[in-house]
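Biologist: Please take a close look at one part of this model for me, and show me how it sits among its surroundings. I work with coordinates every day, so give me your cut-offs as you go.

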Amino acid sequence: MSDTILRRAFVGGLFALATACGGGDDGGGGGGNGPKVDACAIVSQSDAEKLFGKPAGQGKGSGSVDPALLGECVWEWQDAEANSHLLQFLAWQGESYYQPSAKATPFVIGDKGVIEVGGGLVGVDIQWLQAGRVYDLSYFTVGDVPDATTRVDDVKALALAASAKLK
């Protein structure tokens, strides 16, 4: 799916270089035609810090110019050795953006949802459709920090809380 490819390219660049991939310094983004989603109010800094167990700073957005991107928020932590945590939340206008991978399994959230859990760039990725919009919450870790897959239940709880805020 195109947003997964964009996200994975962004994450790889972020982790490898800790440099900007475009977007504003505020970690937000989105140029969608519908009402914007304040993604950083839905998935907050305190949410990220609770998940990371470390202070979280706002990362840079993907720089996507897709007009269907209604909101984006990136929270991150990285040390001098490039060990890192990344939490990303995106909101898309249109059901066509709901394109789960073949490895995803059903997850009860919104109108329909899926979760994909795995190592590497997959980490924990929850995607759901809710009222004609698609939301994607992804958590990744790299290096000498707990693997993202050890926090599946916490990411599920965060996605459910985000879904409730979107109603």
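Modeller: The chain has 4 helices and 7 strands, where helices (H or I, at least four residues) and strands (E, at least two) are DSSP runs numbered from the N terminus. Along the sequence they follow the pattern α-α-α-β-β-β-β-β-β-β-α. This is a predicted model, in which local features need pLDDT of at least 70 and side-chain atom pairs pLDDT 80 or more, while totals for chains, interfaces and linings use all residues. Residues are numbered from 1 along each chain as its sequence is written, and side-chain values use heavy atoms, with hydrogens and water left out.

Of the 167 residues in the chain, 47% are buried; buried means under 20% relative accessible area, exposed over 50%, and partly exposed in between, with a 1.4 Å probe and protein chains only. Contact means heavy atoms within 4.5 Å. Among contacts between residues at least 6 apart in sequence, 62% join residues at least 24 apart.

The part I would pick is the turn from strand 6 into strand 7, and I will start with Gln130. Gln130 belongs to strand 6, which covers residues 123-130. With a relative accessible area of 9%, Gln130 counts as buried. Its side chain makes a polar contact with the side chain of Trp128, at 2.9 Å. A polar contact is a pair of N or O atoms within 3.5 Å; within protein, one must be able to donate a hydrogen and the other to accept it, and residues adjacent in sequence count only if both atoms are side-chain atoms. Setting aside residues up to four places away in sequence, Gln130 touches Gly110, Asp111, Tyr135, Ser163, Leu166 and Lys167.

Next comes Ala131, in the loop between strand 6 and strand 7. Ala131 is exposed, with a relative accessible area of 68%. Its phi is positive, about 50 degrees, although Ala131 is not a glycine. Most residues other than glycine have a negative phi. Ala82 is another non-glycine residue with a positive phi, near 70 degrees. Ala82 sits in the loop between strand 2 and strand 3 and is partly exposed, at 28% relative accessible area.

Back at the turn, Arg133 lies in strand 7. Arg133 is buried, with a relative accessible area of 16%. The side chain of Arg133 reaches the backbone oxygen of Pro35 at 3.1 Å. Beyond its neighbours within four places in sequence, Arg133 is in contact with Pro35, Val37, Leu70, Trp92, Gln93, Gly94 and Trp128. Trp128 thus appears twice here, as a contact of Arg133 and as the polar partner of Gln130. The C-alpha atoms of Arg133 and Ala68 are 9.4 Å apart, with their positions 65 residues apart along the chain.

Glu95 also meets this turn. Glu95 is found in the loop between strand 3 and strand 4 (105-106), and is exposed, with a relative accessible area of 51%. Leaving aside neighbours within four places in sequence, its contacts are Leu129, Gly132 and Val134. The C-alpha atoms of Glu95 and Gln130 are separated by 8.8 Å, though the two residues are 35 apart along the chain.

Strand 7 (133-142) also brings us to helix 3 (residues 45-52), where Ala48, Leu51 and Phe52 are buried. Seen down the axis of helix 3, these buried residues fall within an arc of 90 degrees, so they line one face of the helix; the arc is that of the directions from the helix axis to the C-beta atoms. An α-helix has 3.6 residues a turn, so residues three or four places apart point the same way. The buried residues of helix 3 pack against strand 2 (69-78), strand 3 (84-93), strand 7 and helix 4 (152-165). Just after helix 3, Gly53 takes a positive phi of about 75 degrees.

Finally, helix 4 holds Asp153, which is exposed, with a relative accessible area of 59%. The C-alpha atoms of Asp153 and Val124 are separated by 9.9 Å, and the two residues are 29 apart along the chain.
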